[in-house]
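User: I have a model open and would like to learn how to read its features one at a time. Where should I begin?

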2 protein chains.
Amino acid sequence: MRYEAAVGKLRGCGYKATPQRLAVLSAILAGRHQGLEEIRARCPEVGMVTVYRTLDLFTGLGLVRRLDLGHGPRYELAEDHHHHLVCEDCGSIKEFERCPVDLRSLPRVGGDFEVRAHSLEVYGRCSDCR
Amino acid sequence: MRYEAAVGKLRGCGYKATPQRLAVLSAILAGRHQGLEEIRARCPEVGMVTVYRTLDLFTGLGLVRRLDLGHGPRYELAEDHHHHLVCEDCGSIKEFERCPVDLRSLPRVGGDFEVRAHSLEVYGRCSDCR
DNA sequence: GCTCTAATTGAAAGATTTTTTCATCTGCAA
DNA sequence: TTGCAGATGAAAAAATCTTTCAATTAGAGC
């Protein structure tokens, strides 16, 4: 129940669960790594300003992850760790779960860096474009 | 001689080595992962439109890499493979060379994806912010 | 339930960023 | 040199994002 958990976190942090916020949350849940336009289209009753503010809020709470895969920001629910395969030709995006990053081999750059998260995007050509 | 190599590639692809393009190239070479403002400040004699167009051109040629580390696009010369440590508090960016990604363990998602490149960003808190 | 209040919303205006247009200019091949 | 396809840039337009502020509302407390 991803929806309930997200609402719970929202409330738990002292924020009101307004219809607008729930609508944006549902919009995000209804797709994967969507751009602003897509999200807005799924909740046209919510004002633009509120969508921006809500995405900022969700991102700040760690509820939502903001992706930069080119062509503007995209958003997805921040739950399971996964990465993206981005096709440089058609722009399609696929996900994969198996994380090929070995964080233990991270060098210590200029002292101690506290690692909190990482993002990996793999670029190339998808099977359809070949 | 990163500069010469880049100019060679530019010419080799049939593009003119105009003073503006060389100025933008020098600007990129003068720093690391710079934003548009920084680059523009280093070549104020070049018109804004041309900077945009030139960065697009360089990126398309694979001469320059466009980074999305939050807070707008950044650009750097696409030469040696490296990744970034981004401090979520102060926004500082450090680089590291040792690549902790094992591409062999990439799963085949929906058939054959031809991997051309990948980008890894590690987020957290830098030593200064702790 | 009902009331009250601080949090939230959204229309409009403003700021910023990026793109398009098109007349003019220029790098460079011949 | 010369010619011209490619390149530039000022201005305008378009797209994107933020601020403002009056009106609304979720939800705590009674």
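**Contacts with the DNA**

Analyst: Begin with one contact: a phosphate oxygen of DNA strand D lies 3.2 Å from a backbone N or O atom of Gly47(B). A polar contact is a pair of N or O atoms within 3.5 Å; within protein, one must be able to donate a hydrogen and the other to accept it, and residues adjacent in sequence count only if both atoms are side-chain atoms. Keep in mind that this is a predicted model, in which local features need pLDDT of at least 70 and side-chain atom pairs count only at pLDDT 80 or more, while totals for chains, interfaces and linings use all residues. Residues are numbered from 1 along each chain as its sequence is written, chains are lettered from A and ligands numbered from 1 in the order in which they are written, and side-chain values use heavy atoms, with hydrogens and water left out.

User: What is the mean pLDDT of chain A?

Analyst: pLDDT is the predictor's confidence in each residue, from 0 to 100. For chain A the mean is 90, and 95% of its residues reach 70 or more. Within chain A, confidence is highest in H2(A), at 97, and lowest in strand S5 (residues 93-96), at a mean of 89. Helices (H or I, at least four residues) and strands (E, at least two) are DSSP runs, numbered from the N terminus.

User: Which residues are closest to DNA strand D?

Analyst: A residue is near a strand if one of its heavy atoms lies within 4 Å of it. DNA strand D is surrounded by 18 residues, the closest being Tyr52(A), Thr18(B), Arg21(B), Thr50(B) and Arg53(B). Of the strand D atoms that come within 4 Å of the protein, 60% are sugar and phosphate. The side chain of Thr50(B) has an N or O atom 2.6 Å from a phosphate oxygen of strand D, and that of Gln20(B) has one 2.8 Å from a sugar or linking oxygen. H4 of chain A, and helix H2 (19-29) and H4 of chain B, each supply at least two residues of this surface.

User: Which residues come nearest to DNA strand C?

Analyst: There are 18 residues around DNA strand C, and those that come nearest are Thr18(A), Arg21(A), Thr50(A), Arg53(A) and Tyr52(B). Both chains take part: helix H2 (19-29) and helix H4 (48-61) of chain A and helix H4 (48-61) of chain B each supply at least two residues of the surface. A polar side-chain atom of Arg53(A) is 2.5 Å from a base nitrogen of strand C. By contact with a phosphate oxygen, Tyr52(B) joins in, with a side-chain N or O atom 2.5 Å away. Gln20(A) places a side-chain N or O atom 2.8 Å from a sugar or linking oxygen of strand C.

User: How many residues of each class does the surface near DNA strand C have?

Analyst: Ala, Val, Leu, Ile, Met, Phe, Trp, Tyr, Cys and Pro count as nonpolar, Asp, Glu, Lys and Arg as charged, and the others, Gly among them, as polar. The surface near strand C has 8 nonpolar, 4 polar and 6 charged residues.

**Salt bridges**

User: How many salt bridges are there over all chains?

Analyst: Side chains of opposite charge can pair when their charged atoms come close. A salt bridge is a side-chain nitrogen of Lys or Arg within 4 Å of a carboxyl oxygen of Asp or Glu. The count over all chains is 19. One of them pairs Asp89(A) with Arg125(A), whose closest N and O atoms are 3.9 Å apart. Asp89(A) sits in the loop between strand S4 (83-87) and S5 of chain A and Arg125(A) in strand S6 (residues 114-125), so the pair ties together parts 36 residues apart in sequence.

User: Are Asp89(A) and Arg125(A) buried or exposed?

Analyst: Buried means under 20% relative accessible area, exposed over 50%, and partly exposed in between (1.4 Å probe, protein chains only). Asp89(A) counts as partly exposed because its relative accessibility is 45%. Arg125(A), at 22%, also counts as partly exposed.

**Cysteines**

User: How many disulfides does the structure hold?

Analyst: A disulfide is a covalent bond between the sulfur atoms of two cysteines. The rule here is a pair of cysteine sulfur atoms within 2.5 Å. The structure holds 0 over all chains. Cys87(B) is in no disulfide, its nearest cysteine sulfur being that of Cys90(B), 3.7 Å away. Cys87(B) counts as buried, at 2% relative accessibility.

User: Why does Cys99(B) form no bond with Cys99(A)?

Analyst: The closest cysteine sulfur to that of Cys99(B) is in Cys99(A), and the 12 Å between them is too far for a bond. Cys99(B) counts as partly exposed, at 22% relative accessibility.
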